[in-house]
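Biologist: Before I read any further, I would like a close look at a single part of this protein, explained slowly enough for a first-year student. Please choose the part, describe its surroundings, and then step back to the whole chain.

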Amino acid sequence: MLAERLPGLLPDLGDHESMEVTAIHSLCGLPASAVQLLRRPPFENPHHSATAAAIIGGGSGLPRPGAASRAHRGVLFLDEAPEYERRVLDALRQPLESGELVIHRAAGTAAYPARFQLVLAANPCPCGKASGKGLDCTCTPVMRRRYLARMSGPLLDRVDIQLQVERVSLAEFGQAGGEEDTATVARRVREARERQAERLRCFGLETNSQVPGRILRGDLRLIPAATRILDQALERGVLTARGYDRVLRLAWTLADLGRRDLPDANDIGQALGLRQAAAAVA
Ligand SMILES: [Zn+2]
């Protein structure tokens with residue numbers, strides 16, 4: 001449910017983004033007249049039984065874009081992620097790094113944009129009952145480990161926020177009210193996007209997710225007191241170099257959401273915690 005709400009929090013696409021997204025969708029077999037300029041970030045949730053070509057792109061003849069490219073500038077949601085083919089999950093590493101999918105086929109090679117927000121959902125075990133006290137779960141520890149290991153370390157290293165969500169009890173489910181509505185959160189997201197666009201304009205960039213490491217650790221370098229916890233994690237080998245940059249990007253977003261000009265040690269600590277919350281439990 002959270003994943004499906006995510007596109008509603010994202011701002012409308014700008015003119016340039018809108019053209020890109022529409023161009024990709026017009027390649028997907030619809031007659032040109034049926035395609036209107038798409039203004040909202042797309043949401044794609046291919047089923048785990050879908051072919052690799054349907055998700056990554058491919059097919060006979062010249063490779064066509066798959067769900068991952070149709071999710072460009074939007075959200076790609078894989079529910080029950082460990083059930084997807086391993087080669088599909090591994091193929092997502094390339095666009096998570098470069099924002100692009102290159103597909104090689106006998107008929108030719110195609111490169112499609114694929115800069116999406118990836119949301120993976122997974123049960124704690126194959127039977128799905130291991131959350132909370134997990135008394136009903138019949139899976140062995142080996143089964144659980146093997147299940148979660150289908151999402152490889154290199155893939156998870158590219159996932160910035162990893163959260164363990166407890167099962168909602170009936171009593172909690174009935175307690176509605178007090179939550180912020182989508183419009184309020186969407187406004188906060190838009191303001192945070194505007195802050196970062198303003199800051200990054202001089203680099204020709206728009207969002208924190210696009211900032212390369214050399215700028216994060218160069219022009220946008222933070223004081224050592226703010227990054228101490230990160231430096232230690234890197235030194236101890238708890239964090240990869242890629243993970244280090246990813247935590248910095250998330251910390252900038254937390255600062256933007258909190259209307260702070262720079263991430264402080266708290267933002268960095270929170271970003272690191274969000275990345276490791278699930279790993280600490282597993
Ligand atoms: Zn189980």
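**A close look at Leu-76**

Modeller: Leaving out residues up to four places away in sequence, Leu-76 touches Glu-44, Ala-67, Ala-68, Ala-71, Phe-116 and Leu-118. Please keep in mind that this is a predicted model, and that every value below is computed from it.

Several of these names return when we look at the inside of the protein, where the largest nonpolar core contains 27 residues, and Leu-76, together with Ala-68 and Phe-116, is among those with the most contacts inside it. At least two residues of this core are supplied by each of helix H2 (15-26), helix H3 (52-56), helix H4 (67-70), strand S4 (75-78), helix H5 (86-91), strand S5 (100-105) and strand S7 (117-120). The largest share comes from S4, which gives four residues. There is also a second, separate core of 15 residues, and Leu-239, Ala-251, Ile-268 and Ala-271 are included in it.

Now let us turn to the strands. An open sheet of three strands is arranged in the order S1-S4-S7, and the pairing in it is parallel. Strand S1 (43-44) and S7 are the edge strands, each of them pairing on one side only. Between S4 and S7, which run parallel, there are four bridges, and the partner of Leu-76 across a bridge in S7 is Leu-118, a residue that also appears in the list of residues touched by Leu-76. As a general point, the side chains of a regular strand alternate between the two faces of the sheet.

A contrasting arrangement is found in S5 and strand S6 (residues 108-113), which pair in the antiparallel sense over six bridges. These two strands form a hairpin with two residues between them, and within the pair Ile-103 stands opposite Ala-110 in S6.

The loops on either side of S4 deserve the same patience. Gly-74 lies in the loop between H4 and S4, and it counts as buried because it has 22 C-beta neighbours inside 10 Å, where 20 or more are needed for that label. Apart from neighbours within four places in sequence, Gly-74 is in contact with Pro-7, Pro-41, Pro-42, Phe-43 and Phe-116. Pro-7 is 67 residues away from Gly-74 along the chain, and yet their C-alpha atoms are separated by 6.7 Å.

Arg-73 is in the loop between H4 and S4 as well, and this residue is also buried, since 23 other C-beta atoms lie within 10 Å. Its backbone is worth a pause, for Arg-73 has a positive phi of about 70° although it is not a glycine. Most residues other than glycine have a negative phi. In the loop between S4 and H5 we meet Glu-80, whose phi is near 55°, again a positive value in a residue other than glycine. Glu-80, however, counts as partly exposed, because it has 13 C-beta neighbours inside 10 Å.

Farther along the sequence, Gly-128 sits in the loop between S7 and helix H7 (141-149). With 14 C-beta neighbours inside 10 Å, Gly-128 is counted as partly exposed, and its C-alpha atom is separated by 9.8 Å from that of Arg-144, a residue 16 places away along the chain.

Finally, we can step back to the whole chain, which contains 14 helices and seven strands. Its radius of gyration is 20 Å, close to the 19 Å that the globule rule gives for 282 residues, so the chain is as compact as a globular protein of that length. The C-alpha atoms fill a box of roughly 55 × 50 × 45 Å along the principal axes, and buried residues make up 27% of the 282 residues. If we consider contacts between residues at least 6 apart in sequence, 66% of them join residues at least 24 apart.

The chain is divided into domain 1 (2-174) and domain 2 (183-281), and the centres of these domains, taken over C-alpha atoms, are separated by 23 Å. Where they meet, 10 residues of domain 1 are in contact with 16 residues of domain 2, and the side belonging to domain 1 consists of five nonpolar, three polar and two charged residues.

Key. Residues are numbered from 1 along each chain as its sequence is written. This is a predicted model: local features need pLDDT of at least 70, side-chain atom pairs count only at pLDDT 80 or more; totals for chains, interfaces and linings use all residues. The radius of gyration is taken over C-alpha atoms; the globule rule is 2.2 Å times the number of residues to the power 0.38. A residue is buried if 20 or more other C-beta atoms lie within 10 Å of its own, exposed if 12 or fewer, and partly exposed in between; C-beta atoms are placed from the backbone. Two residues are in contact if their C-beta atoms, placed from the backbone, lie within 7 Å. A nonpolar core is a set of buried Ala, Val, Leu, Ile, Met, Phe, Trp, Tyr and Cys residues joined through C-beta atoms within 7 Å. Domain bounds come from an automatic or database domain assignment. Ala, Val, Leu, Ile, Met, Phe, Trp, Tyr, Cys and Pro count as nonpolar, Asp, Glu, Lys and Arg as charged, and the others, Gly among them, as polar. Two strands pair if DSSP finds at least two bridges between them.
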